[in-house]
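Trainee: Hello! Could you show me how to read helices and strands in a model like this one?

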Amino acid sequence: MSPIDLGPKPHLAYANSPLERAAERRGDDGALASLRQAGSCLHYVVGGEWVVLKKTGNGLDPVFSFSEVRALADEVQPLFLGLQGEGARFGAGLDPKFAESLKAREEFFVTDLRSIAVQGLVAPDHLPALAETKALLHWHARHRFCANCGASTNISQGGWRRDCPQCQAQHFPRTDPVAIMLAFDGDHCLLGRQARFVPNTYSCLAGFVEPGESIEEAVRRETLEEAGIHCGRVRYFASQPWPFPTSLMIGCHAQAISRDIVIDRTELEDARWFSREETAAMIVRRHPQGLITPPPSAIAHHIIRAWVEDGARVLD
Ligand SMILES: [Zn+2]
């Protein structure tokens, strides 16, 4: 197959964090409190699905000083995200309803993280810290009680652990692995669409990796369950933190070894084979029927694009 050039590769959102997580600092509450109040410390303000941005003369600013956070709310959940150069970076968790109410304030712009990434509202190197904050806050909001004995748990380790005072169990934030894959056979790839997708969008198939399952097995099982297609060789491509709410997308390419599609209608509205030329047209938004692939903020874009550009070499 001849190479197809789609131009410069876009940024993969939420990945490649500039922060050093500095996990060894998490256990010292006093040191964390000093770091948090230092002039060099910056805070990302999130409440549930809402991210609070400051309006400035030049656009939108996602970071707040300690005094700005304190002026904003009495009740803030601090999360130690890590260090960047000389300064610490913290997440500042707000009650979601309160965060939403800040939409009424002229000096703020309150929106969801997906919109921030898709529309490029802040510099890309802020997205990993926002993803870290959002995913961690989501975990805390749903793990207030001990999964072992049911008692109320306490936050420790700068937000990276919850401790049970009753049975002494320690609970750690989790991330959920999702296999997301592009199966292809020769010059055609398999794309599907869920009913909730943006109209005309076709994307990779995807599903949660189950306990006791390898990534390769999850790729083969999901492709077979959703579209009836058998896969052979599976090759890892790249991964992406996906804080909606707490997933890790594990991108793969797979060799399809059958061609007859059987759609699982509970999962997919449609699934089809697309030629490489047609897929390229979808990526650059020039498909004759207006069909499109997901935006560059999603790893699916990068998985599909790699196959269009490199063909079967993605399995090497
Ligand atoms: Zn307990």
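Mentor: Gladly; we will go through a helix pair, some strands and one single residue. Keep in mind that this is a predicted model.

Trainee: Let's begin with helices. What describes two packed helices?

Mentor: The general idea is that one gives the angle between the two axes and the distance between those axes. Here, take helix α7, residues 276–283, and helix α8, residues 299–310. Their axes come within 10 Å and cross at roughly 135°. That angle makes α7 oblique to α8.

Trainee: Is the crossing of α7 and α8 left-handed or right-handed?

Mentor: The crossing is left-handed.

Trainee: Which residues of α7 and α8 meet?

Mentor: From α7 come Arg276, Thr279, Ala280 and Ile283. On the α8 side they meet His301, Ile304, Arg305, Trp307, Val308, Glu309 and Asp310. Sorted by character, the residues of this contact divide into five nonpolar, two polar and four charged.

Trainee: How many of the residues of α7 are buried?

Mentor: A residue counts as buried when its relative accessible area is under 20%. In α7, six of the eight residues are buried, so the helix is largely enclosed by the rest of the structure. They are Arg276, Thr279, Ala280, Ala281, Met282 and Ile283.

Trainee: What covers the buried residues of α7?

Mentor: The cover includes β12 (188–193), β16 (270–275) and, once again, α8. While you are there, look at Arg285, which follows α7 and has a positive phi, near 65°.

Trainee: Now strands, please. Where do the side chains of a regular strand go?

Mentor: In a regular strand they alternate between the two faces of the sheet. To see how strands pair in this model, try β2, which covers residues 50–56. Five of its seven residues are buried, so β2 is largely enclosed by the rest of the structure.

Trainee: Which strands pair with β2?

Mentor: Let's take them one by one. Strand β1, residues 42–47, pairs with β2 in the antiparallel sense over two bridges, and Val46 stands opposite Val51 in β2. Strand β7, residues 108–112, is also antiparallel to β2, with five bridges; there, the partner of Trp50 is Asp112. Strand β3, residues 59–61, runs antiparallel to β2 as well and is joined to it by three bridges, with Lys55 opposite Leu60.

Trainee: What links β2 to β1 and to β3 along the chain?

Mentor: Hairpins do. The one formed by β1 and β2 has two residues between the strands, and Gly48 in its turn has a positive phi of about 60°. The hairpin from β2 to β3 also passes through two residues.

Trainee: How many residues lie between β14 and β15 in their hairpin?

Mentor: Four residues lie between them. Strand β14 (residues 231–242) and strand β15 (residues 247–256) pair in the antiparallel sense over nine bridges. In one of these, Val234 has Ala254 as its partner.

Trainee: Last, a single residue. Is Ala218 buried or exposed?

Mentor: Its relative accessibility is 0%, so Ala218 counts as buried. You will find Ala218 in helix α6, residues 215–227.

Trainee: Which residues is Ala218 in contact with, leaving aside neighbours within four places in sequence?

Mentor: Ala218 touches Ala179, Val209 and Glu213. To get a feel for distance, compare Ala218 with Gly7: they are 211 residues apart in sequence, and their C-alpha atoms are 32 Å apart in space.

Definitions and conventions:
Residues numbered from 1 in each chain as written. Predicted model: local features only at pLDDT ≥ 70, side-chain atom pairs only at ≥ 80, totals over all residues. Heavy atoms only, no water. Axes fitted to C-alpha atoms, helices over the stretch in contact; angles between N-to-C directions. Parallel < 35°, antiparallel > 145°, perpendicular 65-115°, else oblique. Left-handed = near helix turned anticlockwise from the far one by under 90°. Contact = heavy atoms within 4.5 Å. Nonpolar A, V, L, I, M, F, W, Y, C, P; charged D, E, K, R; others polar. Buried < 20%, exposed > 50% of the residue type's maximum accessible area, 1.4 Å probe, protein only. Pairing = 2+ DSSP bridges.
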